[in-house]
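Good morning, and thank you for making room for this. I would like to walk through one structure slowly, beginning with the overall chain and ending with a pocket, so please keep the view open as I talk.

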Amino acid sequence: MTTGRDFLEAIGAQNNAFERMFFEWIESYNGEGDLDILEAFGEMMLALDRFIDCGWGCDDDHPEEHLLAICVTRIRAILPLTACGYPSEAGALFRPLGETVNLMALLMASRDELEAYRLGDRRQRRKRFSAENVRGMLKRERFPVPLNARAYGTVSDFYLHPNALDHIFAHRTSHEGEGFVIPYFHRDLCVIFFINLVSAAATALLFWACAREDDSDFRLAHAFNERTNKALRAFTAKMAQDPTVERVPIVEAAQQSE
């Protein structure tokens, strides 16, 4: 006799099965050696995890460390949601992650804004560095906006509004036992999310080096990014050669400048 506990265990089993399938997708586009994107991403996340643990100490207000920690924890929250087959739920976290990455980009682009962020209290930071203000300042600095207004609006429409149209299930309901139903759109979206998580981690690593103001730290971050970008280019090039991969609206929006 099936019980409620059995049903919860079945959900967990399906999540685990989808996660295995997700990493099989990643491996199908992955390279080897220096082109291994999973290894590069994992190494960056390991480094970032260490940095937010003890990079600045904990006896004072360290806004840069806090910002880095926010970025890292959001990446860590989005990854399992994506891997287990919940891109809509993961997408709801992409907007705040994008806002965090935008802010990091601004603080790297402008020394004045970095100092303002460091010296301001929490209330001043919230007011000066709102998501809209940050996008505007990045444009004035002629710096690429990681999450521009078009992508921001698309993320909101697709993932945060109750009438979102992309809430597709990756598998049949758990009690039917008929296996997975994987639309290509769903698979592509999960892989694209992974690519964006890698890019967010790379930005966070560069931000850490800039905030530390240490040449050796910057060289370390630069080496990480060189390797990651090389692996990411190989990954996306291999993915683009797959005839079953389709471009999805969120990707098109993210790649367009205003």
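I will take the chain as a whole, then its core, then some single residues, and then the pocket.

A word on the source before anything else: this is a predicted model, in which local features need pLDDT of at least 70 and side-chain atom pairs count only at pLDDT 80 or more, while totals for chains, interfaces and linings use all residues. Residues are numbered from 1 along each chain as its sequence is written, and side-chain values use heavy atoms, with hydrogens and water left out.

The protein chain has 11 helices and 0 strands, where helices (H or I, at least four residues) and strands (E, at least two) are DSSP runs numbered from the N terminus. Of its 258 residues, 43% are buried, and by buried I mean under 20% relative accessible area, as against exposed at over 50% and partly exposed in between, with a 1.4 Å probe and protein chains only. The chain exposes about 14000 Å², of which carbon and sulfur atoms supply 52%; these areas come from the Shrake-Rupley method with a 1.4 Å probe, and for residues only the protein chains shown count as cover. If we take contacts (heavy atoms within 4.5 Å) between residues at least 6 apart in sequence, 71% of them join residues at least 24 apart.

Let me turn to the core. In soluble globular proteins, nonpolar side chains tend to be buried together. A nonpolar core here is a set of buried Ala, Val, Leu, Ile, Met, Phe, Trp, Tyr and Cys residues joined through side-chain atoms within 4.5 Å. The largest such core has 59 residues, and those touching the most other members are F41, L48, L68, I75 and L97. Which element gives the most to this core? It is α9, with 17 residues.

L48 shows how such links run: leaving aside neighbours within four places in sequence, L48 is in contact with L68, V72, A201, A204 and L205. F51, found in helix α2, is buried, with a relative accessible area of 13%, and its C-alpha is 8.7 Å from that of A69, 18 residues apart in sequence.

Helix α9, which covers residues 184–212, also holds T203. Why does T203 count as buried? The reason is its relative accessibility of 18%, and, again setting aside neighbours within four places in sequence, T203 is in contact with V101, M104 and M108. A211 is in helix α9 too and counts as buried at 7%; A211 and M108 are 103 residues apart in sequence, yet their C-alpha atoms are 8.1 Å apart.

Last comes the second largest pocket, with a volume of about 450 Å³. Of the 18 residues lining this pocket, the closest to its centre are L67, I70, L103, Y117 and R126. On a 1 Å grid over the protein atoms alone, a pocket is an open set of points with protein on both sides within 12 Å along at least five of seven lines, and lining residues have an atom within 4 Å of a point. Grid points are joined across faces, edges and corners, and the volume is the space filled by probe spheres set on the points. Helix α3 gives the most to the lining, with 5 residues.

Note on methods: 1 Å grid on protein atoms, 1.4 Å probe; cavity = no way out; pocket = protein on both sides within 12 Å on 5 of 7 lines; lining within 4 Å.
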